Amino acid sequence: MSNLLFELHQHNDVVMTERNGIKIPARYHTPEKEHRAVRQNILLCDYSHFGKAKISGESAWELLNVLVSGDVSSIRDEQAMYTLMLDDQGQIITDLYILCDEESYLLFSEWMTSEALCERITALMAERVGEFDDIEQIIPLNDQGLLHIEGPYSWELLVELYGMDIAGLPFQEHMHVCDELILLRAGKHGEFSYKLFGDYASLADAWQQLVEAGEKFDLCLGGLDYQQQVRLENPCFIPTPLLSLSRCPIELQLQWMVRYDKDEFIGMEALKGRLDAGPHRRAIGMSVDGQPSVTLAFGDEVLLDEEVVGVVIECGYSADIDKTIGRLFIDSEFAWADLSHLTARSSSGDEIALRTAAVPFARNYSFLINPAEHSYIDTRRPRDLLQQFEWQKEREEQEKAASPAAPAEMSIQGMK
Amino acid sequence: MDRTELEAAITERKETLLNVKRGLIERLNLYHTPEQIDDDTPLFGSGLKLDSVDATELLVLLDKKFGIRVGEGDDPSYMRSVNTLTSFIIEKKHSDALVNSNDFVPSVEQ
């Protein structure tokens with residue numbers, strides 16, 4: 001595989017990795033530096049490993065509505081949705097974005113190839129002959145890639161390149177920019193996040209422009225390795241290592257991507273049955289203050305009074321909140337947040353007391369940014385809500401100091 | 001936390017979560033049942049996809065259903081998920097109970 005974007009990474013002599021059979025950068029810098037950029041500035045990555053497909057025709061939305069657990073009829077042109085594709089048993093195959101774009105739908109999946117996406121859709125059509133008559137095309141989009149721009153000030157950089165409309169682009173909506181490219185606002189890590197979709201030549205151009213314009217935003221180039229830390233702080237669907245434990249949306253707390261009130265979707269009956277029965281085990285967050293000497297890893301036992309009640313899914317340290325955080329897969333009876341009676345036993349036999357926790361853990365910096373009021377580069381505007389409050393307080397104090405006399409004193413003087 | 005305290009904490013959490021979910025469904029006219037809403041479901045953005053108008057409804061819900069008035073000093077991150085909202089309610093309930101119990105303790109001056 002070679003394209004202009006790939007050649008650009010090669011030219012930069014970057015450490016590469018492979019996902020979905022596509023070679024993309026693993027890292028441009030250290031994962032710590034790239035993680036810091038996501039949380040504080042802007043990170044630019046190549047996300048071309050996403051499987052990409054296009055489906056068009058009058059029956060396209062009906063076909064997709066059977067294929068995924070979300071309600072495709074709820075999205076209109078320029079809107080997108082984040083949903084799940086399940087198998088007959090109601091187990092997750094992949095998560096994916098569906099974009100309603102003019103007369104067609106675009107599908108982006110992080111965990112399936114473009115061909116696999118198309119095969120799945122074509123197989124459904126073959127199973128249900130005559131139901132979805134008006135399908136014009138189902139095509140893999142291997143000649144197109146994706147850039148990922150993420151971080152609290154990513155909107156401001158994109159405003160500079162593509163215009164003011166970006167600042168008002170709602171979450172999970174998209175727009176056409178520069179004719180050749182589609183910009184989708186969507187992400188999984190809690191920060192402002194955008195995906196730029198188009199042919200590789202246009203994306204290679206966009207990459208260069210983003211790098212150049214991003215300099216004053218302290219933009220950092222990145223690979224995929226940074227995801228390990230951001231996804232520890234903001235958990236999302238990751239097949240590995242989850243697949244060996246569960247692929248059930250109920251157990252993994254991913255039901256918010258399921259619309260049970262739809263007429264039907266693949267896996268619906270099985271899922272409803274499991275919901276009625278109740279999950280045996282569930283995923284729940286965990287935290288320990290600081291960075292203890294005991295290191296926990298996938299599969300380590302979780303104990304309650306020496307009885308094994310589950311296992312560790314993932315665990316790691318977050319310097320941002322100075323906590324060791326992660327997720328457990330434990331008996332539903334104990335899978336509630338804010339409990340402090342469980343321990344985990346590492347492979348070396350050491351035990352550590354932990355507390356169950358709500359996720360996500362990260363207090364995303366983007367929550368403090370309002371594109372209408374804040375700016376990273378315009379020094380006349382505050383950078384974030386905290387600075388806005390500081391400035392406001394300073395202004396009030398200055399006004400108070402500049403006022404001629406206290407009101408009480410003035411009124412007494414007036415009475416005289 | 002001993003086993004009895006653990007069971008009490010679980011009972012309190014389950015009851016509060018159920019009340020939060022029922023409150024959200026009623027006040028925001030959601031299409032879910034409580035069992036279909038996961039505890040870690042995000043309230044805004046993805047998840048329940050609430051907007052700024054719904055945020056005001058949340059404040060009314062906290063006031064009317066749980067007797068909680070949100071103050072300026074309260075960390076707004078309680079609005080992130082069903083679970084964080086539940087933790088906020090439980091914490092408030094406990095701190096209010098502590099304040100009220102102190103109210104009834106006669107001071108030395110009395």
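## A walk from the interface outward

Start where chain B meets chain A: across this interface of the predicted model, 12 residue pairs are in polar contact, both partners being at pLDDT 80 or more. Now colour chain B by element. Helix 1 and helix 3 (82-103) are the elements of chain B that give two or more residues to the side touching chain A. Helix 1 of chain B supplies the largest share, seven residues. Recolour that side of chain B by residue class and you get seven nonpolar, 10 polar and 11 charged residues.

For the wider view, select everything in contact across the two chains: 28 residues of chain B and 32 of chain A. Between them, chain B and chain A bury about 2600 Å², with 55% of that on carbon and sulfur atoms. Three salt bridges are counted between the two chains. One to pick out is B:Arg3 with A:Asp305, where the closest N and O atoms sit 3.0 Å apart.

**Next stop: B:Asp39.** Select B:Asp39, in the loop between helix 1 (3-28) and helix 2 (52-66) of chain B. Is B:Asp39 buried or exposed? Its relative accessible area is 3%, so B:Asp39 is buried, the cut-off being under 20%. Show side chains and you'll find B:Asp39 in polar contact with the side chain of A:Arg282, at 3.2 Å. Leaving aside neighbours within four places in sequence, the contacts of B:Asp39 include A:Gln253, A:Ala335 and A:Trp336 from chain A, plus B:Leu17, B:Lys21 and B:Ser81 from chain B.

**Stay in chain B: B:Lys92.** Select B:Lys92 and B:Asp74, whose side chains meet in a salt bridge of 3.1 Å, N to O. B:Lys92 is in helix 3 and B:Asp74 in the loop between helix 2 and helix 3 of chain B, so this pair ties together parts 18 residues apart in sequence. B:Lys92 counts as buried, at 18% relative accessibility.

**Over to chain A for more charge pairs.** Side chains of opposite charge can pair when their charged atoms come close. Over all chains, the count comes to 29 salt bridges.

- Select A:Glu306 and A:Arg345: their closest N and O atoms are 3.7 Å apart in a salt bridge. A:Glu306 is in the loop between strand 15 (301-304) and strand 16 (307-318), while A:Arg345 is in strand 18 (residues 342-345), so the pair links parts of chain A that are 39 residues apart in sequence. A:Glu306 counts as exposed at 55% relative accessibility, and A:Arg345 as partly exposed at 24%.
- Select A:Arg259 and A:Asp261, joined by a salt bridge at 2.9 Å, N to O. A:Arg259 counts as buried at 19%, whereas A:Asp261 is partly exposed at 42%.
- Select A:Arg19, A:Asp95, A:Glu110, A:Lys188 and A:Arg231 together to see a network of salt bridges.

**Last stop: strand 5 of chain A.** Select residues 80-86 of chain A; seven of the seven residues in this strand are buried. Which residues line each face? A:Ala80, A:Tyr82, A:Leu84 and A:Leu86 are on one side, A:Met81, A:Thr83 and A:Met85 on the other, and both faces are covered.

Add strand 6 (residues 92-101) of chain A: it runs antiparallel to strand 5, and seven bridges join the two. Within the pairing, A:Thr83 stands opposite A:Leu96. Finish at the turn of this hairpin, where five residues lie between the strands and A:Gly90 takes a positive phi near 75 degrees.

Notes. Residues numbered from 1 in each chain as written. Chains lettered and ligands numbered in written order. Predicted model: local features only at pLDDT ≥ 70, side-chain atom pairs only at ≥ 80, totals over all residues. Heavy atoms only, no water. Buried < 20%, exposed > 50% of the residue type's maximum accessible area, 1.4 Å probe, protein only. Helix = DSSP H or I, 4+ residues; strand = E, 2+ residues; numbered from the N terminus. Pairing = 2+ DSSP bridges. Polar contact = N/O pair within 3.5 Å; in protein donor to acceptor, adjacent residues only side chain to side chain. Contact = heavy atoms within 4.5 Å. Buried area = accessible area lost by both parts, 1.4 Å probe. Salt bridge = Lys/Arg side-chain N within 4 Å of Asp/Glu carboxyl O. Nonpolar A, V, L, I, M, F, W, Y, C, P; charged D, E, K, R; others polar.
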